[in-house]
Amino acid sequence: AQNNDAAEVEDSIDEINDRNAFVKFLIGPKYGSIAAVQTAITENQTRIKVLTDLIVQITDPVVKQVLQDQVNQFQQENTRLQSFITENESGISLLGWLMKLFS
């Protein structure tokens, strides 16, 4: 599921990046794709919570370290995705507010 989500996120990021600059100025970024990235952030937060709960229960230090590394990766990915969303939503668009209502 994580691999599928990662592929979908990358597809959404590509859709956002592929939008023509004039179209971005006129109607804004692809808000549907931004929503998909935000959903991935939420799903990663859920995974972080589950892994953190497991870390508390596990006694094997090697397994704890593997889980902690995974948590760190999810946190880094969420930071990257949030920065990407902030960067793409901050642009000026003439009709972006209207397009956001429909997505």
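**Exercise 1. Locate leucine 94 in this predicted model and describe its surroundings.**

Solution. Start with the secondary structure: leucine 94 sits in the loop that runs between α4 and α5 (96-102). Next, take the accessibility. The relative accessible area of leucine 94 is 48%; the partly exposed class lies between under 20% for buried and over 50% for exposed, so leucine 94 is partly exposed. Then list the contacts. With residues up to four places away in sequence left out, leucine 94 touches Phe25 and Leu26. Last, a distance: glutamine 38 is 56 residues from leucine 94 along the chain, and their C-alpha atoms are separated by 23 Å.

**Exercise 2. Is lysine 24 buried, partly exposed or exposed, and how far is lysine 24 from leucine 67 in space?**

Solution. Lysine 24 belongs to helix α2. The relative accessible area of lysine 24 is 26%, so this residue counts as partly exposed. For the distance, go from C-alpha to C-alpha: lysine 24 and leucine 67 lie 40 Å apart, with a sequence separation of 43 residues.

**Exercise 3. Place glycine 28 in the chain and classify its accessibility.**

Solution. Glycine 28 is found in the loop between α2 (21-27) and α3. Its relative accessible area is 0%. Buried requires a value under 20%, therefore glycine 28 is buried. Asparagine 88 is 60 residues away along the chain, yet the C-alpha atoms of glycine 28 and asparagine 88 are separated by 8.7 Å.

**Exercise 4. How do helices α3 and α4 pack, in terms of angle and axis distance?**

Solution. Two values are needed, because a packed pair of helices is described by the angle between the axes and the distance between them. For α3 (residues 31-57) and α4, the angle is about 160° and the axes are 9 Å apart. Angles over 145 degrees count as roughly antiparallel, so α3 is roughly antiparallel to α4. The crossing of α3 past α4 is left-handed. Finally, sort the residues of this contact: 13 are nonpolar, ten are polar and four are charged.

**Exercise 5. Which residues are in contact with asparagine 78, leaving aside its neighbours within four places in sequence?**

Solution. First, asparagine 78 is part of helix α4 (residues 61-89). Its relative accessibility is 8%, so asparagine 78 counts as buried. The contacts, once neighbours within four places in sequence are set aside, are Ala40, Ile41, Asn44, Gln45 and Ile48. For one of these, asparagine 44, there is also a polar contact: the side chains of asparagine 78 and asparagine 44 are joined at 2.9 Å.

Technical notes
Residues are numbered from 1 along each chain as its sequence is written. This is a predicted model: local features need pLDDT of at least 70, side-chain atom pairs count only at pLDDT 80 or more; totals for chains, interfaces and linings use all residues. Side-chain values use heavy atoms; hydrogens and water are left out. Helices (H or I, at least four residues) and strands (E, at least two) are DSSP runs, numbered from the N terminus. Buried means under 20% relative accessible area, exposed over 50%, partly exposed in between (1.4 Å probe, protein chains only). A polar contact is a pair of N or O atoms within 3.5 Å; within protein, one must be able to donate a hydrogen and the other to accept it, and residues adjacent in sequence count only if both atoms are side-chain atoms. Contact means heavy atoms within 4.5 Å. Axes are lines fitted to C-alpha atoms, for helices over the stretch in contact, and angles run from 0 to 180 degrees between N-to-C directions. Angles under 35 degrees count as roughly parallel, over 145 as roughly antiparallel, 65 to 115 as roughly perpendicular and the rest as oblique. A crossing is left-handed if the near helix is turned anticlockwise from the far one by less than a right angle, and right-handed if clockwise. Ala, Val, Leu, Ile, Met, Phe, Trp, Tyr, Cys and Pro count as nonpolar, Asp, Glu, Lys and Arg as charged, and the others, Gly among them, as polar.
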